[in-house]
4 protein chains.
Amino acid sequence: MDELDIDAVAEAALDDPVLVEGLPGVGHVGKLAVDHLLEELDGESTLVRRVYSHEFPPQVSIEGGVSELTCVEIYAVSPTEGRDLLLLTGDHQAQTNEGHYVLTSAFLDIAEEFGASEVFALGGVPTGELIDEYAVVGAVSDESMLGELEEAGVEFREDEPAGGIVGVSGLLLGLGERRGFEAACLMGETSGYLVDPKSARAVLEVLEDVLDIELDYETLDERADEMEGVIGKIQEMEQQQQMDVPTDDDLRYIG
Amino acid sequence: MDELDIDAVAEAALDDPVLVEGLPGVGHVGKLAVDHLLEELDGESTLVRRVYSHEFPPQVSIEGGVSELTCVEIYAVSPTEGRDLLLLTGDHQAQTNEGHYVLTSAFLDIAEEFGASEVFALGGVPTGELIDEYAVVGAVSDESMLGELEEAGVEFREDEPAGGIVGVSGLLLGLGERRGFEAACLMGETSGYLVDPKSARAVLEVLEDVLDIELDYETLDERADEMEGVIGKIQEMEQQQQMDVPTDDDLRYIG
Amino acid sequence: MDELDIDAVAEAALDDPVLVEGLPGVGHVGKLAVDHLLEELDGESTLVRRVYSHEFPPQVSIEGGVSELTCVEIYAVSPTEGRDLLLLTGDHQAQTNEGHYVLTSAFLDIAEEFGASEVFALGGVPTGELIDEYAVVGAVSDESMLGELEEAGVEFREDEPAGGIVGVSGLLLGLGERRGFEAACLMGETSGYLVDPKSARAVLEVLEDVLDIELDYETLDERADEMEGVIGKIQEMEQQQQMDVPTDDDLRYIG
Amino acid sequence: MDELDIDAVAEAALDDPVLVEGLPGVGHVGKLAVDHLLEELDGESTLVRRVYSHEFPPQVSIEGGVSELTCVEIYAVSPTEGRDLLLLTGDHQAQTNEGHYVLTSAFLDIAEEFGASEVFALGGVPTGELIDEYAVVGAVSDESMLGELEEAGVEFREDEPAGGIVGVSGLLLGLGERRGFEAACLMGETSGYLVDPKSARAVLEVLEDVLDIELDYETLDERADEMEGVIGKIQEMEQQQQMDVPTDDDLRYIG
């Protein structure tokens with residue numbers, strides 16, 4: 001296998017599609033969002049490409065005893081309403097700095113091949129605390145894209161995210177711009193501690209508006225409810241621990 | 001030396017052989033198993049290839065003052081009974097992610113060269129505790145292989161191993177499948193703390209069934225007895241330590 | 001994108017220019033110095049090259065919601081007085097050993113392209129303590145350069161810096177010399193704990209002398225004043241902590 | 001600069017020379033030994049090659065303010081008595097696994113170019129304790145070399161060094177053998193904690209015998225005396241500390 005090995009699983013004729021990327025990251029927000037899109041648009045999507053690479057971990061996943069080699073999958077979607085899409089999902093990021101450059105270039109090659117000139121990179125931005133109102137923070141490769149996204153409720157903040165955007169999501173903007181793509185990153189606020197389906201929903205609601213699609217959130221809301229249960233238990237445990245704080249007297253015997 | 005440097009030590013005409021891989025890993029199960037096969041099939045095996053690579057540690061081993069450069073060795077075996085074999089053994093894994101891809105590809109090239117279309121990757125799966133009944137957990141590159149291995153006593157478990165299979169064993173399945181091999185990984189349960197000849201025997205007993213070979217386990221059982229002695233001593237020490245647990249009173253003076 | 005991707009943003013005819021490098025490092029001295037030069041020579045400078053590379057972190061920075069791919073920028077400057085300059089600035093160093101070699105070679109290629117045969121690498125040398133008198137320590141690629149720099153106040157010390165000079169600054173001397181450049185490294189003494197505009201000023205004052213340019217330090221002095229405030233607060237906190245040191249009696253209850 | 005960049009500083013006609021390598025390592029034994037050879041054979045040696053590489057740290061050393069790029073130097077020596085030599089010295093090892101392979105191959109290329117077919121790799125083997133009698137442990141690329149070295153006092157031990165030999169010294173044997181060199185590694189026993197001129201002398205005394213050369217050890221013995229002083233002070237401090245061990249009573253107040 002070469003550094004990159006791309007399987008052309010199927011072909012699809014798309015009309016001016018948008019590449020939407022959702023690889024694992026903070027709160028798994030991007031991956032949850034794209035996987036939900038795939039689930040909702042199931043009848044209208046076709047797996048078109050699998051990308052294998054030396055840059056992924058040397059690993060197979062096992063389901064029911066059967067192995068699958070680490071890869072990224074790209075689906076072509078022609079929904080009955082709204083824009084055509086290329087949905088990119090996978091279980092792993094590249095393992096080296098250079099790998100992020102190599103894979104992002106490959107993803108943009110495939111986007112070009114299918115006629116895409118717009119990219120949305122989905123992800124999460126960590127706030128460090130549990131969130132009530134899920135804002136979606138944005139970044140764009142070109143100023144001209146600010147207006148439409150602001151109308152869709154995306155917040156653009158001075159010098160945020162402070163450390164910039166790292167990995168494939170960042171490079172889809174950086175390398176995308178150099179190759180003539182219009183690229184935006186949509187980042188749902190999330191605590192950063194837990195898988196966050198609510199943050200994924202916030203990001204998808206922006207996409208509904210921008211891409212003229214309509215989504216049902218039942219399955220994502222169910223996952224959010226499960227997570228609420230987990231969060232509830234964590235909070236209970238924390239409160240319990242606070243009540244159990246040892247006194248000075250206890251500490252003398254532990255120290 | 002290039003990234004890969006393969007010595008054709010000898011040639012051998014094999015009839016539909018099976019590649020059996022046993023590099024170092026959890027409990028050294030895979031390596032113990034293949035080395036035992038080599039020992040048992042000594043009179044019927046020929047060293048055919050040595051694989052050197054930049055991907056191995058830059059190291060020679062020394063025996064009796066004489067150096068040997070780190071490599072993987074592949075033996076051709078035509079047993080009087082049962083399937084022809086290609087046995088792959090060595091003292092080191094690749095040192096980088098990319099190295100695992102490069103070496104696995106080279107091993108599959110050699111398997112192809114000798115006419116093999118089946119692969120067994122042998123290894124261990126860690127359970128975290130000492131084991132009484134040694135189950136063998138399996139993973140296959142294609143569903144069609146499940147039946148025969150289940151009949152031979154291999155267990156296939158939903159989503160296990162949880163983290164997938166990493167390294168050469170995993171890639172023999174993942175890359176193997178992409179090149180048309182039928183590949184299976186047989187993983188003996190093992191505590192993960194110690195070299196485990198009993199787990200290697202459990203894996204070999206599956207192979208005996210599947211490959212129509214018969215093995216004697218005397219030398220492997222001797223190593224198992226030695227390990228039992230080591231385990232006994234560790235357990236004694238643990239019990240001793242539990243009896244020596246300091247009281248609260250002692251702790252006050254240590255704290 | 002290839003390992004290196006150089007944008008020729010503009011061209012400029014320079015007369016025997018000097019390359020001045022200031023990438024991030026100890027006390028950010030080099031970067032502060034070159035960025036101040038750029039600010040002061042704003043009306044007379046042109047951005048001529050952007051260097052992108054796999055060797056940089058896979059990252060975009062975000063300002064006002066708009067992304068910019070990590071790169072190094074090179075400006076051509078023809079000041080009304082003094083030598084022509086090529087100013088090299090950026091937010092990141094290479095991330096690997098090899099990357100430092102690759103990028104330094106690219107920078108020297110560009111310097112050559114614009115007719116430069118002299119290089120000044122600017123940086124800081126850590127002293128481990130706060131500094132009153134900011135000395136500038138030097139290193140040169142060829143003995144013949146010692147005299148002029150000593151006259152400009154640069155100190156050359158036996159076996160200092162002890163560990164040599166690492167990264168782009170070091171390689172501009174080492175690789176520069178091999179390609180026929182006269183290269184010097186000017187290192188302002190700095191504590192190593194804080195961004196140090198005063199150390200940057202000390203380095204720039206040497207450059208004023210050597211390059212026959214004149215600089216105003218108002219904005220750099222303002223940043224130095226801000227840092228003084230920060231240092232003052234740290235010192236206060238340290239003194240406060242010393243006064244709060246617990247007694248033996250306190251410690252018994254904490255231990 | 002490419003991955004390798006070799007300066008042909010001078011040429012020299014040698015008669016069946018032996019390559020002697022001494023890069024930094026355990027106790028700096030190898031480097032001390034080769035540098036002492038260079039010092040002793042000063043009038044009869046010529047610097048013939050400098051090897052630069054991306055595989056070295058990106059670094060210049062500074063002496064008296066003047067920089068020198070990290071490299072390995074190879075000297076040709078035609079002593080009035082004894083075998084012709086190629087002496088290899090430097091301040092750094094390669095920084096990656098692959099780098100050790102790349103550099104060792106380059107060193108063997110140069111050895112071949114000058115007509116060498118024998119290699120001595122010099123180094124130290126750590127014992128973990130201070131040493132009275134300095135044994136020299138050996139390893140060879142081919143059994144046939146054992147006899148002559150045993151006669152010269154080299155000890156060959158079963159399975160020692162236990163972990164094999166890592167880095168350039170190990171690969172000079174491993175890659176050397178594959179290219180038809182007779183290669184031996186001579187390892188002076190050394191504590192492993194300190195630079196060890198006595199261990200270097202032990203190694204050189206073997207070389208005197210094997211290469212028919214005669215060496216004076218005055219300067220090396222002076223360095224050994226300096227180290228004795230350091231060791232004496234360390235031992236004093238250790239004894240002092242043992243006398244200062246706190247009682248249980250003291251500890252109660254520290255805990």
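**Exercise 1. Find how chain B is related to chain D in this predicted model.**

Solution. Start with the superposition: turning chain B by 90°, with 0.0 Å of shift along the rotation axis, places it on chain D with an RMSD of 0.0 Å. The two copies are thus related as by a four-fold rotation axis. Next, look at the surfaces they use. Only 5% of the interface residues of chain B are also interface residues in chain D, so the copies meet through different surfaces.

**Exercise 2. Describe the largest pocket and its lining.**

Solution. Begin with the space: the largest pocket holds about 1,100 Å³. Then turn to its walls, which are made of 28 residues. Those nearest the centre are E98(A), E98(B), E98(C), T96(D) and E98(D). Now ask which helices take part: α2 (97-113) of chain A, of chain B, of chain C and of chain D each give at least two residues to the lining. Finally, sort the lining residues by character: 16 are polar, 12 are charged and none is nonpolar.

**Exercise 3. Work out whether the cysteines C71(A) and C185(C) are in disulfides.**

Solution. Recall first what is being sought: a disulfide is a covalent bond between the sulfur atoms of two cysteines. The cut-off for the pair of sulfur atoms is 2.5 Å. For C71(A), the closest cysteine sulfur belongs to C185(B) and is 19 Å away, too far for a bond. C185(C) is in no disulfide either, with the nearest cysteine sulfur, that of C71(D), at 19 Å. Over all chains, the count of disulfides is zero. As a last step, check burial, for which the limit is under 20% relative accessible area. C71(A) has 11% and is buried, and C185(C), with 1%, is buried too.

**Exercise 4. Place G170(B) in its surroundings.**

Solution. Locate the residue first: G170(B) is part of helix α4 of chain B, which covers residues 168-178. Its relative accessibility is 0%, so G170(B) counts as buried. Leaving out residues up to four places away in sequence, G170(B) touches V60(A) and I165(B). To finish, take H100(B), 70 residues from G170(B) along the chain: the C-alpha atoms of the two are 9.5 Å apart.

**Exercise 5. Decide whether S199(D) is buried or exposed, and list its contacts.**

Solution. S199(D) sits in helix α5 of chain D, residues 197-211. With 0% relative accessibility, S199(D) counts as buried. Setting aside residues up to four places away in sequence, the contacts of S199(D) are V29(D), Y134(D), G188(D), E189(D) and T190(D).

Notes:
Residues numbered from 1 in each chain as written. Chains lettered and ligands numbered in written order. Predicted model: local features only at pLDDT ≥ 70, side-chain atom pairs only at ≥ 80, totals over all residues. Heavy atoms only, no water. 1 Å grid on protein atoms, 1.4 Å probe; cavity = no way out; pocket = protein on both sides within 12 Å on 5 of 7 lines; lining within 4 Å. Points joined across faces, edges and corners; volume = space filled by probe spheres on them. Helix = DSSP H or I, 4+ residues; strand = E, 2+ residues; numbered from the N terminus. Nonpolar A, V, L, I, M, F, W, Y, C, P; charged D, E, K, R; others polar. Least-squares fit on C-alpha atoms with pLDDT ≥ 70 in both. Contact = heavy atoms within 4.5 Å. Buried < 20%, exposed > 50% of the residue type's maximum accessible area, 1.4 Å probe, protein only.
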